[in-house]
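Please open the structure in your viewer and keep the sequence panel beside it, since this tour moves from one selection to the next and says what is found at each stop.

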Amino acid sequence: MKEITPRVEIDLRKIRHNAEMLKKLHEEKGIQVTGVVKGVGASLEIAKVLIDSGITSLADTNISRIKKMRMAGLKATFILLRTPALSEVGQVVQFADISMNTELEVIRALSAEAVKQCKVHSLILMVEMGDLREGIMIQDLPAFIEEVLKLPGIQIAGIGTNFACFGGVIPTEQKMREFSTLARNMQKRFSLIFPYVSGGNSANYQWLKNTKDVGAINHVRLGESIFLGRETVHGAPIPGLYQDAFCLVAEVIESKLKPSVPFGDRGRNAFGETVSFKERGVIRRAIVAMGRQDVLVSGLRPLLPVEILGSSSDHIILDAKNVDLKPGDEINFSLDYGAMMSVMTSPYVYRKYLHTDEKDDSSTKKTPA
Ligand SMILES: Cc1ncc(COP(=O)(O)O)c(C=O)c1O
């Protein structure tokens, strides 16, 4: 019997291997790892694997996914990775142990809510180090901390910063030293101890490998390097990790010899785009039953020697080249982070988990080349 398509095949053993390796690598330098599960839609199966690999904290940008993990009974410290919206502070205090914050107005609301819920909510204050997404400007941080310390129901668990997410700014040795010095100064100035000096994400891999001194940094938040085995500054594979824990499988629904250029008067396509086509004569065009509503098509790479020509909402059109494709054939695709995120949050893509019951099978584990 044919399997459901489109489906994403998720090798839990490979994810576990990557998580264990990264945890070890970081812990050797005194750095704790939080698993960032937003890229996999906070899949409970994957979150459990991260916990089994020894990771004790999980982070997501979306409070409803943190709620989902907590309600499922997962035992971890849950971190909201994005500064809360004012409209969600109630849920944030209820379901997240820690949230990342940059706005006093939001922190005041968290404080009031924490008092109401008889809780102490922890904060990581995000600092702007140049990537220009979220963060308190360095010069504003002392006054900011002073205000936060006046508020009941909350505590500062540390400071954090983020790189290579918006502006592509690299966590260089100099940047990391600057952030480390800032963390030390703030702790000294306010007589605080920061359990979290959270230095970045999968973009920090080269820094981690090369630095002789991690300074005050004691924490990172990793998503892509765990799931896809890559650092994110250059997209380079991390030695010893798997890059193929995820594979998307789609099914051919049409395969015909047709011209390579549309014929007839032409305007815009369904997405308002004016597309140009290369004249290749008559080619074998194959269609797979998957489209932009299922996946970020630009992040797919077919594992057969065929070429993606384009896509609409529900179709991806391929130049099949010399591959003899027919309806019912399956084509495998590798995924980048954006494509992985889109399939893992799509209700239309079936998830098939591989190696679901292998808790600890180091005797049969094969390390990637
Ligand atoms: C604040 C923050 N930290 C960490 C991460 C994880 O980044 P990466 O997947 O590159 O490790 C993200 C993005 O998912 C993020 O927004």
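A residue is called exposed when its relative accessible area is over 50%, buried when that value is under 20%, and partly exposed in between. Keep in mind throughout that the model you are looking at is predicted.

With those cut-offs in hand, select L132, which sits in the loop between strand 6 (121-127) and helix 6 (141-149). Because its relative accessibility is 57% and exposed means over 50%, L132 counts as exposed. Look at its backbone as well: phi of L132 is near 60°, a positive value in a residue other than glycine. As a rule, most residues other than glycine have a negative phi, and most peptide bonds are trans.

Next, select A164, in the loop between strand 7 (154-161) and helix 7 (173-189). Here too phi is positive in a residue other than glycine, with a value near 55°. The relative accessible area of A164 is 24%, so this residue is partly exposed.

The second part of that general rule concerned peptide bonds, and for this you should go to the segment before strand 1 (7-11), where P6 is found. The bond that joins T5 and P6 is a cis peptide bond, with omega at about -10°.

Now move to the ligand and show the residues around it. There are 14 residues surrounding the ligand, and the closest are K38, R133, S202, G223 and E224. If you colour this shell by class, you will find four nonpolar, five polar and five charged residues. Which atom of the ligand lies 2.8 Å from a polar side-chain atom of R133? It is an oxygen atom of the ligand. A polar side-chain atom of S202 lies 2.5 Å from an oxygen atom of the ligand, while an N or O atom in the side chain of R221 is 2.8 Å from a nitrogen atom of the ligand. On its own the ligand has 400 Å² of accessible area, and the protein covers 96% of this.

From the ligand, turn to strand 2 (residues 32-36) and display the surface of the protein. Is strand 2 largely enclosed or largely open? Four of its five residues are buried, and therefore strand 2 is largely enclosed by the rest of the structure.

To see the partners of strand 2, add strand 9 (residues 219-222), which runs parallel to strand 2 and is joined to it by four bridges. Within this pairing, V33 has V220 as its bridge partner in strand 9. Then add strand 3 (residues 57-60), which is also parallel to strand 2 and is joined to it by three bridges; in this pairing, G35 stands opposite L58 of strand 3. When you also show helix 2 (residues 44-52), you can follow a right-handed β-α-β unit made by strand 2, helix 2 and strand 3.

Two helices remain on the tour. In helix 7, select Q187, which is buried because its relative accessible area is 17%. The side chain of Q187 reaches the backbone nitrogen of F194 at 2.7 Å.

Finally, select I107 in helix 5 (residues 104-116). I107 has a relative accessibility of 0%, so it counts as buried. If you draw a distance between the C-alpha atoms of I107 and A42, which are 65 residues apart along the chain, the separation is 25 Å.

How values were computed
Residues numbered from 1 in each chain as written. Predicted model: local features only at pLDDT ≥ 70, side-chain atom pairs only at ≥ 80, totals over all residues. Heavy atoms only, no water. Near = heavy atom within 4 Å. Polar contact = N/O pair within 3.5 Å; in protein donor to acceptor, adjacent residues only side chain to side chain. Areas by Shrake-Rupley, 256 points an atom, 1.4 Å probe, with all protein chains shown as cover. Nonpolar A, V, L, I, M, F, W, Y, C, P; charged D, E, K, R; others polar. Buried < 20%, exposed > 50% of the residue type's maximum accessible area, 1.4 Å probe, protein only. Pairing = 2+ DSSP bridges. Right-handed = clockwise from strand over helix to strand, strands pointing away.
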